[in-house]
Amino acid sequence: MSGPPVRVWVSDRGTDVDAGTLYSHRRGRTESATFVYASSFVARPGAYELDPTLPLSTAPTQTPVGTRLFGALSDCAPDRWGRTLISRAEARTAREEGRAARTLGEIDFLLGVRDDLRQGALRFSVDDGPFLATDDTGVPALTDLPELMALADAAERDDAPLPDLRRLLRVGSSLGGARPKAHVMTPEGRVAIAKFPSAAHDTWNVMAWEKVALELAARAGIDVSASRLLRLAGRHVLVVERFDRTPAGHRVGYVSAMTMLEATDGEQRSYLDIAEVIEERSSRTGRDLAELWRRLVLSILVSNTDDHLRNHGFLHAGGTSWRLAPAFDLNPQPEPGPTHLSTYVDGADDAATLDLALSVAPAFRLSPTAARQVLAEVAAAVSDWRTIASQWLPASEIEAMAPAFAALDTVPDAISG
């Protein structure tokens, strides 16, 4: 079974350009897709491959065996939270209409995302019709957060009525990760992501500690988006501005490191692999390589073990060039004992140790002296973690997180060694 052809558009500085046509195929539980670039796009100055598996040609390209959708398209489709909302809304709708719920495929999730809030610069339509999943209700303001948090709590418990699910779909279906979240508009007119606490999963104040990690990263010279931590009904909500929109509101192309490396969910690759992508595609190679190594050191020093390939990304920088996207989803983990990252450091070892990080520094164009200087800068910023955390957290919770920062004790030996 094949769905109707879907036209794929690229938003380029506010102008929507016809990039090609997507065809979805489904046979039982097997799903795949075919994409054909528009000849006008291929001939267009500055045209670029939307995905590493989609060479810039008018010949049809099929998804690799076992792959349901091209990575660049998956990047602008919902992940766990958005899929949960879409699936539950379909189940509730089917029950009200007295029919069996549809089995949703990748194409259904992709096209169910609200157009103006979709990640990156891709847009979708059928034939010459309007863009799919448009919404004219606007984006909620920060003042709507208490209501949205209550709706998200109900949705996470799976007891939200259909109207509430539909409201959440309008503001949160494009968002990934398992955590409840929604889009909001900041007072400055920037689209942002509001991350809510999870009653089902959180065993510590995850939102406050992510804010601490973002503050430490910024002080360590790492590129992060503006964020604010709000307290609502005794709980913290983290609001992070979208980095794939310009100040003027134009969309910016985005792909994950998973897409760039042609990897699959759960597949473990290395920081060296990401560095190779930077060498091949970055518009600012030296800067991005040094930035990536700085992030590696930060992850070790704060025990950010959720650094999987979806949590690294690239922004389109014009033509065939891409640049490293700002760091995001930085979460200290307080479990004591040896720490292991989700992305290998050197291709075979994921141990979160500074000695291992220093051993690969030359691949990031850093001399031993330069690498130790970067390490000293990041460590100096992270060493102030208790002071930063005290802005939002009580002393008991700060001390409970101390194991996450144990690697700070190894910095003197690493620098002198």
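A residue counts as exposed when its relative accessible area is over 50%, and as buried when that area is under 20%. The model on display is predicted, and the tour opens with a residue to which the first of these cut-offs applies.

**Stop 1: Arg365**

Select Arg365, in the loop between α11 (354–360) and α12 (368–382). Is this residue buried or exposed? Its relative accessible area is 52%, so Arg365 is exposed. Inspect the backbone as well: Arg365 is not a glycine, yet its phi is positive, at about 60 degrees.

**Stop 2: Ala233**

Proceed to Ala233, in the loop that lies between β8 (227–232) and β9. Here too a residue other than glycine has a positive phi, in this case near 50 degrees. With a relative accessible area of 78%, Ala233 is exposed.

**Stop 3: strand β7 and its two partners**

From that loop, continue to strand β9, residues 235–241, and display it together with β7. The two strands pair in the antiparallel sense, over four bridges. To find one point of the pairing, select Ile193, whose bridge partner in β9 is Val240.

Next, add strand β6, residues 181–185. This strand also pairs with β7 in the antiparallel sense, through five bridges. Ala182 and Ala194 of β7 stand opposite each other. Follow the chain through the hairpin of β6 and β7, where five residues separate the strands. Gly189 in this hairpin takes a positive phi near 85 degrees.

Now restrict the selection to β7, residues 191–195. How many of its residues are buried? Five of the five are, and the strand is mostly covered. In a regular strand, side chains alternate between the two faces of the sheet. Display the side chains of β7 to see how they are divided: Val191, Ile193 and Lys195 point one way, while Ala192 and Ala194 point the other way. Each of these residues is buried, Lys195 included.

**Stop 4: strand β3 and its two partners**

Select β3, residues 30–37. Seven of its eight residues are buried, so the strand is largely enclosed by the rest of the structure.

Show β2, residues 15–27, which runs antiparallel to β3 and is joined to it by eight bridges. Within this pairing, Gly20 stands opposite Tyr37 of β3. The hairpin of β2 and β3 has two residues between the strands, and Gly28 in this hairpin has a positive phi near 65 degrees.

Then select β4, residues 61–62, which pairs with β3 over two bridges, again in the antiparallel sense. Thr34 is the residue to centre on, as Gln62 in β4 stands opposite it.

**Stop 5: Gly319**

Move to the loop between β11 (313–316) and β12 (322–324), and select Gly319 there. Its relative accessible area of 26% makes it partly exposed. Which residues does Gly319 touch, leaving aside those up to four places away in sequence? They are Gly46 and Tyr48. Add Pro45 to the selection: its C-alpha is 7.9 Å from that of Gly319, although 274 residues separate the two in sequence.

**Stop 6: helices α3 and α5**

Select α3, residues 80–97, and α5, residues 145–156. The axes of these helices come within 11 Å and cross at roughly 75 degrees. That angle makes α3 roughly perpendicular to α5. Show the side chains at the contact: Trp81, Leu85 and Arg88 on α3, and Ala152, Ala155 and Glu156 on α5. Four of the contact residues are nonpolar and two are charged, with no polar residue in the contact of α3 with α5.

**Stop 7: helices α9 and α10**

Finish with α9, residues 271–281, and α10, residues 285–302. Their axes come within 9 Å and cross at roughly 160 degrees. Angles over 145 degrees count as roughly antiparallel, and α9 and α10 are therefore roughly antiparallel to each other. Their crossing is right-handed. From α9, select Tyr271, Ile274, Ala275, Ile278 and Glu279; from α10, select Thr285, Asp288, Leu289, Leu292, Leu296 and Ser299. These residues make the contact between the helices. Coloured by class, the contact of α9 with α10 shows seven nonpolar, two polar and two charged residues.

Technical notes. Residues numbered from 1 in each chain as written. Predicted model: local features only at pLDDT ≥ 70, side-chain atom pairs only at ≥ 80, totals over all residues. Heavy atoms only, no water. Axes fitted to C-alpha atoms, helices over the stretch in contact; angles between N-to-C directions. Parallel < 35°, antiparallel > 145°, perpendicular 65-115°, else oblique. Left-handed = near helix turned anticlockwise from the far one by under 90°. Contact = heavy atoms within 4.5 Å. Nonpolar A, V, L, I, M, F, W, Y, C, P; charged D, E, K, R; others polar. Buried < 20%, exposed > 50% of the residue type's maximum accessible area, 1.4 Å probe, protein only. Pairing = 2+ DSSP bridges.
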